[in-house]
Amino acid sequence: MASQEQSRPQRREGDPDTPAPVTPPGAAQTTVSDADIDSVLDEIDDVLEINAEEFVRSFVQKGGQ
Amino acid sequence: MRRVMGVETEYGVSAPGDPTANPMVLSGQVVTAYARAKGLHTGRGAWDYAYEQPLRDARGWELGRSFADPSQLTDIDDPTMANVVLTNGARFYVDHAHPEYSGPEVTTPRAVVTWDRAGDLIMQEAAELLNPDPARPTVALYKNNTDGKGASYGTHENYLMRRQTPFGDIVRHLMPFFVVRQLICGAGRVGIGQDSRVSGFQISQRSDFFETEVGLETTLKRPIINTRDEPHATADSYRRLHVIIGDANQCDVAGLLKVGTTSLVLALIEDRAMPADVTVANPVSTLHAISHDPTLRTLVQLRDGRRLTALELLWTYHDACAAYLSERTGDAAGADADTREVMTRWADVLTRLGHDPMSCAREIDWVAKLRLLQAYRDRDSLAWTEPRLAALDIQWSDIRPSKSVFRTLRSAGQVTELIPIEAARAAVATPPEDTRAWFRGECLRRYAANVVSASWDSLIFEVPGQSALQRIPMLEPLRGTRGHLGPLLERSPDVGTLLRELLGSGD
């Protein structure tokens with residue numbers, strides 16, 4: 001059974017055998033800042049259906065594979 | 001490390017404003033609208049079912065047809081069901097009540113993502129054809145895997161493997177990996193339980209729909225390891241491992257890692273290089289518990305008594321792959337650029353998931369989605385029961401750019417793109433060059449009028465002036481490449497010349 005018990009974060013921290021991960025080429029920015037997220041929220045407000053409750057209720061699919 | 005593989009996705013389909021619309025009819029319209037626009041023919045006969053064996057089980061038996069659920073009889077050609085083979089080598093058709101894009105066979109994780117992105121563009125174009133007025137759409141398509149109300153539909157991966165590898169070894173070593181793989185490629189979901197009866201967020205779209213460990217079914221009692229044994233290739237040499245547990249990805253990095261890491265783990269299994277037994281005590285309930293815990297602290301109970309986090313278990317697989325590659329190639333990241341990319345990205349996301357899961361918001365769908373949902377909740381003080389959050393989850397996967405939350409995020413530069421959009425656009429009409437998909441796609445492009453039907457492992461031609469149809473079997477997935485047949489097609493102005501040379505040469 002999986003347990004919900006808390007465990008400490010990864011053994012990997014400070015593990016001398018593990019080289020520091022190299023940022024892959026092309027990944028200019030490695031994280032998304034809170035400011036980045038906040039700036040996109042307004043845009044997403046415009047994308048979301050106005051009547052969210054009705055939209056969610058009517059999204060009904062047939063099961064597939 | 002190369003492996004023949006591919007991904008197939010059933011897209012969610014609905015008619016905005018008309019919840020009574022028949023999804024099979026809608027799906028058929030999607031496929032036929034696209035096929036017509038491209039001058040491709042659909043429907044009866046377009047798919048060659050001669051070699052299809054959906055009831056063959058990898059454990060060594062075949063299910064009697066009378067015992068099968070009707071949804072398992074995928075080899076019956078229903079004339080009302082549209083079905084077309086595209087010039088990029090993919091199959092585009094109606095599966096049950098969803099339009100499905102089955103990408104062509106490719107050999108690298110990058111190519112999987114490229115042709116998967118092409119599938120999204122094909123769906124987008126098909127929907128645009130049916131929605132001349134975007135303000136009054138008649139059909140909407142979604143790249144997700146559940147409606148949150150108890151229905152799920154699949155994104156399946158296919159991996160060509162050596163037939164001689166015992167299926168028991170695959171089950172033993174792949175099961176623990178599939179229980180925890182969702183951390184690096186889950187698509188995220190609002191709602192817990194098949195019908196979302198508990199509010200909250202979970203890592204995977206699909207996990208709650210898995211109810212058994214091993215089995216043949218794909219539409220009910222879904223198993224973590226699917227045993228469908230339908231190789232679409234020389235059965236004595238190969239099996240096609242049909243993986244049904246994955247989510248549909250939109251993040252390139254997550255999609256790359258999903259197939260890239262799985263392919264490497266399969267290599268470990270094939271070469272008996274898996275160093276330790278990490279059998280999970282209760283795979284199904286653990287799969288659910290891992291998905292339900294975005295803090296990643298849940299412990300996995302192994303049968304040998306150890307308790308590990310999902311991340312520690314993933315590191316075990318990563319380290320086994322690194323040792324395997326080191327021994328084989330002299331480099332723990334592998335000798336080729338594709339393997340190196342997978343190994344580097346894999347270590348990178350595992351390390352960052354260990355420090356702060358939210359730091360992977362550019363790379364992994366579930367993290368990107370959760371980050372955005374949290375920002376929404378914080379801004380407007382929303383509980384998880386708020387319908388706007390469920391709406392955001394559904395619209396995350398809308399394939400219309402103007403309605404897609406994911407596309408909005410990507411346009412804002414907040415998602416790492418590995419595949420330039422130009423490459424995805426090119427893959428809409430162009431097949432991969434290094435598998436039989438090249439021959440399939442090129443024949444559709446050059447001789448579409450003469451191709452009577454096609455399948456993964458055959459093409460059937462009608463030759464002008466001949467009464468008998470000509471069937472070309474393609475049971476070797478790595479033959480029929482551009483290198484192999486390119487010159488022949490170049491010097492064949494018509495299908496008659498092609499077949500004369502092909503059959504004459506014994507190829």
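In this predicted model, the side chains of R371(B) and D34(A) form a salt bridge, with a distance of 2.5 Å from N to O. This pair runs between chains: R371(B) lies in helix α9 of chain B, residues 365-380, and D34(A) lies in helix α1 of chain A, residues 34-47. A search over all chains of the structure gives 38 salt bridges. Between chain B and chain A the count is four.

The salt bridge leads to the interface as a whole. Here 73 residues of chain B are in contact with 48 residues of chain A. Together the two chains bury about 5300 Å² between them, and 57% of this area is on carbon and sulfur atoms. R371(B) appears again at this point: with R297(B) and Q414(B) it supplies 11% of the area that chain B buries against chain A, more than any other three residues.

The next part stays inside chain B and follows one helix, α2(B), which covers residues 109-130. One of its partners is helix α5(B), residues 252-270. The axes of α2(B) and α5(B) come within 8 Å and cross at roughly 130°. An angle from 65 to 115 degrees would count as roughly perpendicular, and one over 145 as roughly antiparallel. The two helices α2(B) and α5(B) are therefore oblique to each other. The crossing of α2(B) past α5(B) is right-handed. On the side of α2(B), the contact is made by P109(B), R110(B), V112(B), V113(B) and R117(B). On the side of α5(B), D252(B), G255(B), L256(B), V259(B) and G260(B) take part. Sorted by class, this contact of α2(B) with α5(B) has five nonpolar, two polar and three charged residues.

Helix α2(B) also packs with helix α12(B), residues 421-429. In this pair the axes are 8 Å apart and the angle is about 70°. That angle falls in the range from 65 to 115 degrees, so α2(B) and α12(B) are roughly perpendicular to each other. From α2(B), the residues T114(B), W115(B), R117(B), A118(B), L121(B) and I122(B) meet α12(B). Their partners in α12(B) are I421(B), A423(B), A424(B), R425(B), A427(B) and V428(B). The contact of α2(B) with α12(B) divides into nine nonpolar, one polar and two charged residues. R117(B) belongs to both contacts of α2(B), the one with α5(B) and the one with α12(B).

Terms used
Residues numbered from 1 in each chain as written. Chains lettered and ligands numbered in written order. Predicted model: local features only at pLDDT ≥ 70, side-chain atom pairs only at ≥ 80, totals over all residues. Heavy atoms only, no water. Axes fitted to C-alpha atoms, helices over the stretch in contact; angles between N-to-C directions. Helix = DSSP H or I, 4+ residues; strand = E, 2+ residues; numbered from the N terminus. Parallel < 35°, antiparallel > 145°, perpendicular 65-115°, else oblique. Left-handed = near helix turned anticlockwise from the far one by under 90°. Contact = heavy atoms within 4.5 Å. Nonpolar A, V, L, I, M, F, W, Y, C, P; charged D, E, K, R; others polar. Buried area = accessible area lost by both parts, 1.4 Å probe.
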